[in-house]
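I sat down with this model today to look up how some of its helices pack and where its empty spaces lie. Here are my notes, in the order I took them.

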Amino acid sequence: MAPGRCVAFDHAPTPETTNPASRASMGDISAPASPGGGSSERSSTSDARSLPPPIGDEPVERAGVWVVSEAEADRATSKGTPKITPAARRSGRPRRSGSQTRLASRRGGSSAHKEHRTCRIDKPCLGMFDPQACDAAPQLPETIETTGEKVNCSMIGKPEYPLLSNDGDIVIGGAFSIHNKINLEIPSFTEKPHRLMCTSLNLREFRFAQTMIFAIKEINNMSSLLPNISIGYKIFDSCGSTLASMRSSMSLINGQEVTAEQTCFGKTAVNVIIGESESSSTIVLSRATGPFRIPVISHFATCACLSNRKQFPSFFRTIPSDHYQSRALAQLVKHFGWTWVGSVRSDNDYGNNGMATFVEVAEREGVCIEYSEAILRTNSKEKIAKVVEVIKSGTTKVLVAFLAQGEMDVLLEEIIKQNVTGLQWVGSESWITARYLATERVSKILAGALGFTISKSKISGLKQFLLNVKPSQDPSNTLLREFWEMTFDCHLSPTISPQTEYDKYCNGSENLSNVSNAFTDVSELRISNNVYKAVYAIAHALHDTLACKSSNGAPNNTCGKKDLMLSRQVLQSLQNVNFTIPSGERIYFDKNGDPTARYELVNWQKSEAGETSFITVGHYDASGPKEQQFLMNSVDIVWAGDSQMKPRSVCSESCQPGFRQAVIKGRPICCFECVRCPSGEISNSTDSAECIKCPLEFWSNENQSICVLKKVEFLSFEENMGILLTAFSLTGVSLTIAVAIVFYHFMDTPLVKASNTELSFLLLFSLTLCFLCSLTFIGRPTEWSCMLRHTAFGITFALCMSCVLARTIAVVMAFRATVPGTSVPPCSLPLQRTSVFCCTLFQIIICILWLVLAPPKPYNNIAHSADKIILECDLGSTVGFWAVLGYIGLLAVWCFILAFLARKLPDNFNEAKFITFSMLIFCAVWITFIPAYVSSPGKFTVAVEIFAILASSFGLLFCIFTPKCYIIILKPEKNTKKHMMGKGHAKSH
């Protein structure tokens, strides 16, 4: 417990009785209380049975009640002490027959008067019970017989007094870190511990306390809010320490009376508390007041843990939770592309919880933390220096500082000492708008700092109120004297302040208007405005409670009775407040006691006069849609070192388009190597984690940055190969026409007549078509060109082979018919025509069936080559193609066989041997064509087919017609019937 106050609890599962003697009969109780009232983590409602028994006859205080030994109880019994009646023994509850009993009621009345009462206390008791309080309390199923005289409940140790106080009908408590430091002495265990001594006045916190007083006085002067009721206050100093915070908490609950007599009113010394400025101290305060349902409203405690209603059922705050600030900071870092940051935090609930949330969200956003250090203002200089060394040796350019002001102060001192500059500071709301930091000395370090803070406001009349604070308001108040002496660097008259550290004197009439410090500066009223809002929220809750407003419609037996109002009633009203303060801001709390999270993003910028200003460059509103929560203003940001260029903070340089990130083993994901994307894959953005595979018809460009259409490949007339093949084709056509002209001109000569004029011209015509059909294979494949090229090739070559076959048959039959004794009929012209027609018709039928059943069609071949599309003609039916080709080969084989058999027939001009050579060439070309056609890629497949057509056509043209043209043109003397038949007759004789 806090310094020796007597408090009774209402939640013990089995109330038991204790027989306390009067203070006089007990003698002085000197059991020392621990400094600060014990650990902040220990609940003040811990069961007395868990503690060790008392030693000897010395009474001790446990869980807010007096516990005496059996011997002391026996001595008290003789003077008339409570006795447990048989009804109590029959209640089924265990009896306490040992050396310990626990007090549940106090005795009252005279020794001759006996009363039987049942009593349950709902609130802390400033002393023991009195009969009137018990009469008003709910009944318990245990009957206690009380007899004897009055007993006084005395405090162990010395009471804690408020630094600032004022009486009122309703009293509000306040707890602020008015001093920064606390002097702790190591206990000697030979004397009582000394009082805690707080030093180093915090002008900013003192302004918060004065803002609370200003708001209370403003409300007391209002007729619309709490009319005819005055609000008082008791403001304690927690010294920025959880130890001092616990003492302040107990003092706010119990009051300052050393002896409590008949004071069990079922209510605490204050109905509601404003405080504190730090999360750890606020946790201590809330844990102590929570079991009694005393509302606590903090103006500056942002730890997200305080939103837990199970642990802190009576906690409220007018500043948003770090649950939102940490997320806002993570989005800020991600927004500016800083993926490699360092962090430093306060090693307390505020810093640890806030930084844990920031790291969790930042890592989800792809941000890596290079280092994360924790400090406390009480750390040794060596510890702080070591942390600064880590910051100095880091490679990151951005430092996220989730620090309370105390830790920020000690860190900056060491930062300045080691001259660590060039860092982009990202701060929490605790220090980012602290005006006292905006000095020329500190601005060299924090210039360009960014951070979220709550919106600032203007409080009308506050400036003048602060300027009127003087020691003369309460000459005996040491805090006012300390403030005055610190502000004016002087000391008041020796009779008032005999021991000071200042040389000059002052009388208290100095003017604060000429002073510029954290107390008088009202240009950035952010946290002060939170204190202002907290006071108004309390006033509205009190107003609703006294006006009998209840959210559930239940009757309120304290309507208009300010003396009977309980803290739990104020708590219920506070949860339901919804009002608008004079500045126009709407105030309400959610189910966790939190306000709506709205922040301003401020940037440290220097004005033309060289003074540091906090410029709003963005906003964060947690109540809006996710994509609209963080918005930037159209305001230029000044970066670290007053630079206009945004710093770049990455572990590895960005991977340009065409590259992907490859994580380095053993390093954070933000540290990576850049690996070029393979062919066919791209990355079209900076810092791509993976390469994207291009669609089938697309391929990556040279830089692997975009997908482009694959290069389309086909044998065109514009390329060299197409031009060359076209030239050969046209040359063949020209030569064929030239031969036809020669034959036509020498049609009446014996050589032409002997060559079967009609078949010769028909053969020349088919050869012309063969040369021309090769042109259909050149150019972009279309549906018509695909069907034409293969069918034209098949039909023209079938016609050509039919003509050659007919000539060969005609030669063989002509010579056989001239042999005596043979009956072979001569091959007449109609028979030749019929054979040519029938052989060609059969090929035409095959082609028609091919076109009808499975015609060739254009096809984009993307499987053969990864980086290009081959435009080709799909055969449709390979059976049809090889049937056409096979039939041509069959005709060629027949011609070759017949010509080979007729090669030695007697004549000076025997055409059979030339046909034999042409068929040898034809068959050789097409036999080699098959493997070359199958294995040639892309457009070369078409080129091989054209080459085979041209080679076989030239072979036929040269082998059959060149010898004849040679004789006709160059050896006309041999173009006679005599010459042609002469050699043959000579051999016959």
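**Entry 1: α10 and α11**

I began with a helix pair in this predicted model, and found that α10 crosses α11 in a right-handed sense. I looked up the geometry next: the axes of α10 (residues 381-393) and α11 (residues 405-418) come within 9 Å and cross at roughly 60 degrees. The two helices are therefore oblique to each other.

Which residues make the contact? On the α10 side I listed I384, A385, V388, E389, I391 and K392. From α11 I noted V410, L411, E414, I415 and Q418. Sorted by class, the contact holds seven nonpolar residues, one polar and three charged.

**Entry 2: the largest pocket**

I kept α11 in view, as it turns up again here: α11 gives the most to the lining of the largest pocket, with five residues. I put the space in this pocket at about 1,000 Å³. I found 43 residues in the lining, and N180, G240, E278, R377 and G406 lie nearest the centre.

Which elements supply at least two residues each to this lining? I wrote down the strands β9 (179-183) and β10 (197-201), along with the helices α5, α6 (242-254), α7 (279-289), α9 (349-364) and α11. The lining divides into 14 nonpolar, 19 polar and 10 charged residues.

**Entry 3: two backbone oddities**

I checked the backbone with a general point in mind: most residues other than glycine have a negative phi, and most peptide bonds are trans. S200 has a positive phi of about 65 degrees, and it is not a glycine. I placed S200 in strand β10, one of the elements I had listed for the largest pocket.

My other find was a cis peptide bond between G275 and E276, with omega at about -5 degrees. Where does E276 sit? I traced E276 to the loop between β13 (272-274) and α7.

**Entry 4: α5 and α15**

Back to helices, I looked at α5 against α15. Their axes are 9 Å apart and the packing angle is about 35 degrees. I noted this crossing as right-handed.

From α5, I listed R204, R207, F208, T211, M212, F214, A215, I216, E218 and I219. They meet I527, S528, V531, Y532, V535, Y536 and A539 of α15. I sorted this contact into 12 nonpolar, two polar and three charged residues.

**Entry 5: the second largest cavity**

I then counted enclosed spaces and got 10 cavities of 30 Å³ or more. The second largest holds about 100 Å³ of space. I was pleased to meet familiar helices here: α5 (203-220) and α15 (527-546) each supply at least two residues of the lining. Which helix gives the most? My answer is α5, with three residues.

In total, 13 residues line this cavity, and R204, R207, T433, R435 and E524 lie nearest the centre. R204 and R207 had already appeared in my list for the contact of α5 with α15. By class, I have five nonpolar, two polar and six charged residues in the lining.

**Entry 6: α21 and α22**

My last pair was α21 (residues 829-853) with α22 (residues 878-901), whose axes are 9 Å apart at an angle of about 170 degrees. Roughly parallel or roughly antiparallel? That angle makes α21 roughly antiparallel to α22, as over 145 degrees is the cut-off for that word.

I found C839, F842, Q843, I846, C847 and W850 on the α21 side of the contact. G880, F881, A883, V884, Y887, I888 and L891 form the α22 side. I sorted this contact into 11 nonpolar residues and two polar ones, with no charged residues.

Technical notes
Residues are numbered from 1 along each chain as its sequence is written. This is a predicted model: local features need pLDDT of at least 70, side-chain atom pairs count only at pLDDT 80 or more; totals for chains, interfaces and linings use all residues. Side-chain values use heavy atoms; hydrogens and water are left out. Axes are lines fitted to C-alpha atoms, for helices over the stretch in contact, and angles run from 0 to 180 degrees between N-to-C directions. Helices (H or I, at least four residues) and strands (E, at least two) are DSSP runs, numbered from the N terminus. Angles under 35 degrees count as roughly parallel, over 145 as roughly antiparallel, 65 to 115 as roughly perpendicular and the rest as oblique. A crossing is left-handed if the near helix is turned anticlockwise from the far one by less than a right angle, and right-handed if clockwise. Contact means heavy atoms within 4.5 Å. Ala, Val, Leu, Ile, Met, Phe, Trp, Tyr, Cys and Pro count as nonpolar, Asp, Glu, Lys and Arg as charged, and the others, Gly among them, as polar. On a 1 Å grid over the protein atoms alone, a cavity is a set of points where a 1.4 Å probe fits but cannot get out, and a pocket is an open set with protein on both sides within 12 Å along at least five of seven lines; lining residues have an atom within 4 Å of a point. Grid points are joined across faces, edges and corners, and a volume is the space filled by probe spheres set on the points.
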